[in-house]
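Let's walk through this fold piece by piece, beginning with the sheet and then seeing what sits on top. Have the viewer open as you read.

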Amino acid sequence: MKIELRRVEYSERMSQKTSAFTADLYVDGRKAGTVSNTGRGFITSFEPQDPRGWELIQKANAWCKELPPGVYRDGSEERTYVMTLEDYVDDLLDEYLKQRFRRELERSFRQHIVFGADPDESYGSVKLVNPVEALCSDENGRMLLTSCLAEINSRFMQEGERILNSNIPGAILKAAGLQERQYVKPAIAEAKPRTPKRRSGKWKSKRI
């Protein structure tokens, strides 16, 4: 059985004890209804769009209960629980939010140097006046970027953290004194520097 959330609308401002959202619920390609949570710690609720939608929701819930038990940690112990459609939908929402967050994080690579141990938990960033791609395109920019990376490594990065940008060439990362364990594998080919140009060296940092 295929269970999907479509047209997800998430509100970070309204999310307090739980994630506040609304979405269309699809079961095997057919819209069964809508699903939502107020964000105040109450259960996720389902609203079928018609009698057929209610049947699909009931079948989906029965199917979820046949899945392997869910697992959660209670202190030092792991406990299990019977999976339900509500739990399944909550897991789908969590994955949706993670993917959305990662897309936003990757967009920030354009003009930020981002670092951290687990970006899903927290990360630090340094905003550059010029985009990373522009800095990589000439020798002066590469020197500035190298200096900035070295400064981040010495002043801001903590043990276990690494540079998360995948758009910085490995040669620049290594020139900044970073070891392979201190940065993600670059996804950009080495570019041949153009004629040097003067650029501003201003930058500022923040931790999220």
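**The sheet and what packs on it**

In this predicted model, four strands make up an open sheet, ordered S1-S2-S3-S4, with antiparallel pairing. S1 and S4 are the edge strands, each of them pairing on one side only. Going from one strand to the next, the twist averages 25°. As background, strands of a sheet pair through backbone hydrogen bonds, and they can do so in a parallel or an antiparallel way.

Let's go through the pairings in the middle of that order. S2 and S3 run antiparallel and are joined by seven bridges. If you want a landmark here, find Leu25, which stands opposite Gly33 in S3. S3 also pairs with S4, again in the antiparallel sense, over four bridges. Gly33 turns up here too, standing opposite Pro48 in S4. A second landmark for this pair is Ser36, which has Ser45 in S4 opposite it.

Now look at where S2 hands over to S3. The two strands form a hairpin with two residues between them, and Asp28 takes a positive phi near 50° there. Asp28 isn't a glycine, yet its phi is positive all the same. Its place is in the loop between S2 and S3.

Which other residue has a positive phi without being a glycine? That's Arg7, with phi near 50°. Arg7, though, lies in a strand, S1. Is Arg7 buried or exposed? Its relative accessibility is 67%, so Arg7 counts as exposed.

Next, the helices. H1 lies across S1, S2, S3 and S4, and runs at about 70° to S3. H2 packs on the sheet as well, touching S1, S2, S3 and S4, and its direction makes about 60° with that of S1.

H1 deserves a closer look. It covers residues 51-65, which makes 15 residues, and spans 22 Å from its first C-alpha to its last, close to the 21 Å expected at 1.5 Å a residue. At the N-terminal end, Asp50 acts as the cap: one of its side-chain oxygens lies 3.1 Å from the backbone nitrogen of Arg52.

Which residues of H1 are buried? They are Gly53, Leu56, Ile57, Ala60 and Cys64. These residues span an arc of only 100° around the axis, which means that they sit on the same side of H1. The spacing behind this is a general one: an α-helix has 3.6 residues a turn, so residues three or four places apart point the same way.

And what covers that buried side? The cover for the buried residues of H1 includes strands S1 (3-11), S2 (20-27), S3 (30-37) and S4 (45-48), along with helix H2 (85-108). So the list holds both strands and a helix, because the cover includes H2 as well as S1, S2, S3 and S4.

One last stop takes us further along the chain, to His112 in strand S7, which covers residues 112-116. With a relative accessibility of 17%, His112 counts as buried, since the cut-off for that label is under 20%. Which residues does His112 touch? Leaving aside residues up to four places away in sequence, its contacts are Ser125, Val126, Lys127, Val132 and Asn165.

Terms used:
Residues are numbered from 1 along each chain as its sequence is written. This is a predicted model: local features need pLDDT of at least 70, side-chain atom pairs count only at pLDDT 80 or more; totals for chains, interfaces and linings use all residues. Side-chain values use heavy atoms; hydrogens and water are left out. The expected span of a helix is 1.5 Å times one less than its number of residues. Buried means under 20% relative accessible area, exposed over 50%, partly exposed in between (1.4 Å probe, protein chains only). The arc is that of the directions from the helix axis to the C-beta atoms. Contact means heavy atoms within 4.5 Å. A polar contact is a pair of N or O atoms within 3.5 Å; within protein, one must be able to donate a hydrogen and the other to accept it, and residues adjacent in sequence count only if both atoms are side-chain atoms. Two strands pair if DSSP finds at least two bridges between them. Axes are lines fitted to C-alpha atoms, for helices over the stretch in contact, and angles run from 0 to 180 degrees between N-to-C directions.
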